[in-house]
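Got your viewer open? Set it to cartoon and keep a selection box handy.

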Amino acid sequence: MRILVHVCCAHCLGKLLAGLADGPEAYEPVLYWDNPNIHPLIEYRRRLKAVKMLAERAALPLIAEEGYGLVDFCRAVHGREEAPLRCVQCYILRMGRAAAAADREGCSVYTSTLVTSCHQDHRLIREAGDMAGHASGVAFLYRDWRETQADPALTGMLYHQQYCGCIFSEYDRFKDTTTHLWPPPVVRASEGVKPLPRERR
Ligand code: SF4
């Protein structure tokens, strides 16, 4: 049976494919990329490129909605910018599009790589997935694949993001650190600049 797989990033896709392969059902995955929540544009392109490379390695079909969805995302979360309220809207937006795509592609069931992540709210994802599936006449497959390990042959050397996706999550991730600032400690040392103690970077 064909299953439409909403893909948020390459590494979560690797885990989901391993989980599907271990399950009792013989699914044929159709990959679907539509993530208006990923910002800024260069980050969006890095993640999409990694997903394309994994799809090629796994020889799986990929439908990619490549429009940069910043405006759609901002409209969806306007007035609910704090987590987890914005995440509810983010899940609803993405699951709604994935369920509609599943229906268009003739897949009676769909799922999302979000259910492989330890950093996501599984109850909210499941509710959004079920609601969107009901609206589009397709079933949402939920499995807890948080502990599943991806095949390194599929995910090796692919870009791995440092934050969830939206510009708010980027702020949450980096607001208390300066480790990403340039130049890195090794360059400062070669220039005779004393590196800061680790805890102050
Ligand atoms: S933190 Fe992640 S799930 Fe929540 S709104 Fe941002 S991108 Fe979406």
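Here is a short walk from the sheet to the ligand and on to a loop.

Before you click, note that residues are numbered from 1 along each chain as its sequence is written. You are looking at a predicted model, in which local features need pLDDT of at least 70 and side-chain atom pairs count only at pLDDT 80 or more, while totals for chains, interfaces and linings use all residues.

**Stop 1: the sheet.** Colour the strands and you'll find an open sheet of five, ordered β3-β2-β1-β4-β5, with parallel pairing. Strands here are DSSP runs of E, at least two residues long, and helices are runs of H or I, at least four residues long, both numbered from the N terminus. Two strands count as paired if DSSP finds at least two bridges between them. At the edges sit β3 (62-64) and β5, each pairing on one side only.

**Stop 2: β1, β4 and β5.** Select residues 2-6 and 109-112: these are β1 and β4, running parallel and joined by four bridges. Pick H6 and look across to its bridge partner in β4, S112. Now add residues 139-140, which make up β5, tied to β4 by two bridges, also parallel. V109 faces A139 of β5 there. To get from β4 to β5, follow the chain through helix α5 (residues 122-136); this β-α-β crossover is right-handed, meaning that with the strands pointing away from you, the path from the first strand over the helix to the second runs clockwise.

**Stop 3: the ligand.** Which residues are around the ligand? Select N37, A83, R86, C87, C90, C164, G165, C166, F168 and S169, each with its C-beta atom, placed from the backbone, within 6 Å of the molecule. Two elements, α4 (85-104) and α7 (167-174), give two or more residues to this shell, and α4 gives the most, with three. By type, the shell has six nonpolar residues, three polar and one charged.

**Stop 4: G156.** Finish in the loop between α6 (152-155) and α7, where G156 lies. Is G156 buried or exposed? G156 is exposed because 11 other C-beta atoms lie within 10 Å, and the cut-off for exposed is 12 or fewer. Then draw a distance to H11: the two C-alpha atoms are separated by 9.0 Å, though the residues are 145 apart along the chain.

How values were computed: Ala, Val, Leu, Ile, Met, Phe, Trp, Tyr, Cys and Pro count as nonpolar, Asp, Glu, Lys and Arg as charged, and the others, Gly among them, as polar. A residue is buried if 20 or more other C-beta atoms lie within 10 Å of its own, exposed if 12 or fewer, and partly exposed in between; C-beta atoms are placed from the backbone.
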